[in-house]
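Welcome! Here is a short tour of a protein model, with stops at its charges and at some features of its backbone. Take a look at the structure first, then read on.

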Amino acid sequence: MTNNLTVIVLAAGGGTRMRSKTPKVLHPVCGRSMLGHVLHAVQTLEPRQVVAVVGHQRELVGPHVKELLPDALLAVQEDQLGTGHAVRVAVEAAGGIGSGTVLVAYGDTPLLEGESLRAFAAEHEAAERAVSILSGIVPAPFGYGRVVRDADGDVVAIVEEKDATPEQREIHEINSGILAFDAAFLAEALPQIGNDNAKGEYYLTDCVQLARDAGLTVGAYPLEDVLQTEGANDRAQLADLGREMNRRILTRWMREGVSVMDPATTWVDADVELAQDVTILPGTQLLGATVVGEDAVIGPDTTLQDCEIGAGARVVRTHGQLAVVGQDANVGPFAYLRPGTHLGEGGKIGTFVETKNSTLAAGAKVPHLSYVGDAEVGEGTNIGAGTIFANYDGVAKHRTTIGRHARTGSNNTFVAPVTVGDGAGTGAGTVVREDVPAGDLAVSAGPQRNVEGWVLRRRAGTAQAAAAEAVRDSAHTGSDADVDGVGGTPPPGGES
């Protein structure tokens, strides 16, 4: 195939059956818009020029095209008057096509693959045709335009279902709508397309008859995987395409050495990258640009979006977004990794822990029931259960820094901004409002005071009081009996 290729992508339609304020071609399938999938396929051809025809909600579709393909040319179809009109608008916007091949694709066919387009265009050029049709053989062709061939195998017409004879309706080769043209022929044919039809539109498929009338060759290239040409007109069809694409993505990764325990409950977006020997457990969604390293185990019941997971890491029942988990680290279960979380090698973010905009160095651990926001936690440090990094003063966010190999007690509150030095410690229940120097122990709670007899006075008549009174009576009589598991005399020198 030559590089003298122009691709026209039709993306001007309204998609009213979607019943959505979002343009049809921008609806996502496996992490990319439908249009994004098509442009991705088109890019693999390395075409000389890409022209995207926009119209309905072009203020949304146009910038999306330019974001994905900055060199693309936008052509505006003010009124949607059919595919022939759309291609004419594209050719006019490009200042003409000149020579080479023109490939026309549609922005709502997300399963379309670049290699299929490449093979189609190459076969069209090798056969030196005026028009080529990307077709497919389907067992139930009802509703599709039929590709009618002559005895020599050349295409003589595309006949729509409503216009087909009983014999033509028995044809199983259908028109996908994706076409390839000789550029010089297309330039001559476009002005000849009329709109004398029920809808008053200009149909690009009329070029088939124009080529035949001119004595030029028309052919069709049957695509074995005809699902690649399927579009989506409503939400139900969109969901069907999503399921099929996810199935294909998972199959590809499994063939490349990824273990997927339950494909039926696993979702992996198109731009996710997985290394060999990754294991994905049931109920897992890997979204966006997530990258997972070798031997990592993800799931079950885990959602990661735009995350980076290191080799050998384990992430269990976790929701994460824009987070980095280092090699051999452990996360979860029931952890929430918010954007800006960086967990170092061998570190741990444990059960019911939420982190945000925080870095935990290698070997640092936050095992239980904690919130870590806007913090730096040093290498090898352990954060006690029930700890809160109080990062917001009602006006601004502030950071907390915990040094290397520090040990903090349970139920601590670090009132930012505050720094705890290397090797420092904090007592249980401590509220840290001031810096703690390296090696010091911070304690904010006063000494414990026991109020004698409080339960018997204030909780008389309750089970609590009865239990306490039974122990007191036992002590007074010197009995060794164990009352409800409480009391008894420990052996000499032993521990109670």
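A residue is called buried when its relative accessible area is under 20%, exposed when that area is over 50%, and partly exposed in between. Asp295, with a relative accessible area of 44%, is therefore partly exposed. Please keep in mind that this is a predicted model.

**A negative patch**

Asp295 is a good place to start, as it appears in two parts of this tour. The residue sits in the loop between β17 (291–292) and β18. Together with Asp277, Glu294, Asp328 and Glu345, Asp295 makes up a negative patch on the surface. Another member of the patch, Asp328, is found in the loop between β23 (324–325) and β24 (330–331). Asp328 has a relative accessible area of 40%, and so this residue too is partly exposed.

**Salt bridges**

How many salt bridges does a search of the whole structure find? The count is 22. Three of these pairs are set out below.

| Pair | Closest N to O distance |
|---|---|
| Arg129 and Glu123 | 2.7 Å |
| Arg243 and Asp240 | 2.2 Å |
| Arg338 and Glu354 | 2.8 Å |

In the pair of Arg129 and Glu123, which partner is buried and which is partly exposed? Arg129 counts as buried, at 12% relative accessibility, while Glu123 counts as partly exposed, at 24%.

Arg243 and Asp240 belong to helix α8 (residues 235–255), and because they are three residues apart there, about one helical turn separates them. Asp240 is partly exposed, its relative accessible area being 43%.

Where along the chain do Arg338 and Glu354 lie? Their salt bridge links distant parts of the chain: Arg338 is in the loop between β25 (335–337) and β26 (342–343), whereas Glu354 is in strand β27 (residues 348–356), and the two are 16 residues apart. Arg338 is partly exposed, with a relative accessible area of 25%, and Glu354 is partly exposed with a value of 25%.

Salt bridges can also share partners, and in this way Asp225, Glu244, Arg247 and Arg248 are joined into one network.

**Backbone features**

Now let us turn from the side chains to the backbone. Which residues does a cis peptide bond join in the loop between β18 (297–298) and β19 (302–305)? The bond runs between Gly299 and Pro300, and its omega is about 5°. Pro300 is the residue placed in that loop. A cis peptide bond is also found from Gly332 to Pro333, with omega near 5°. Pro333 has its place in the loop between β24 and β25.

Here Asp295 returns for its second appearance. Although Asp295 is not a glycine, its phi is positive, at about 70°. Asp374 is another residue other than glycine with a positive phi, near 55°. Its setting is the loop between β29 (365–373) and β30 (375–377).

Is Asp374 buried or exposed? With a relative accessible area of 5%, Asp374 is buried, because a value under 20% counts as buried. Asp295, at 44%, is partly exposed.

Terms used. Residues are numbered from 1 along each chain as its sequence is written. This is a predicted model: local features need pLDDT of at least 70, side-chain atom pairs count only at pLDDT 80 or more; totals for chains, interfaces and linings use all residues. Side-chain values use heavy atoms; hydrogens and water are left out. Patches are made of residues with over 30% relative accessible area and no salt bridge: like charges are joined within 9 Å, nonpolar side chains (Val, Leu, Ile, Met, Phe, Trp, Tyr) within 5 Å. Accessible areas come from the Shrake-Rupley method with a 1.4 Å probe; for residues, only the protein chains shown count as cover. A salt bridge is a side-chain nitrogen of Lys or Arg within 4 Å of a carboxyl oxygen of Asp or Glu. Lys and Arg count as positive and Asp and Glu as negative; His and the chain ends are not counted. The place of a charge is taken as NZ of Lys, CZ of Arg, CG of Asp or CD of Glu. Helices (H or I, at least four residues) and strands (E, at least two) are DSSP runs, numbered from the N terminus. Buried means under 20% relative accessible area, exposed over 50%, partly exposed in between (1.4 Å probe, protein chains only).
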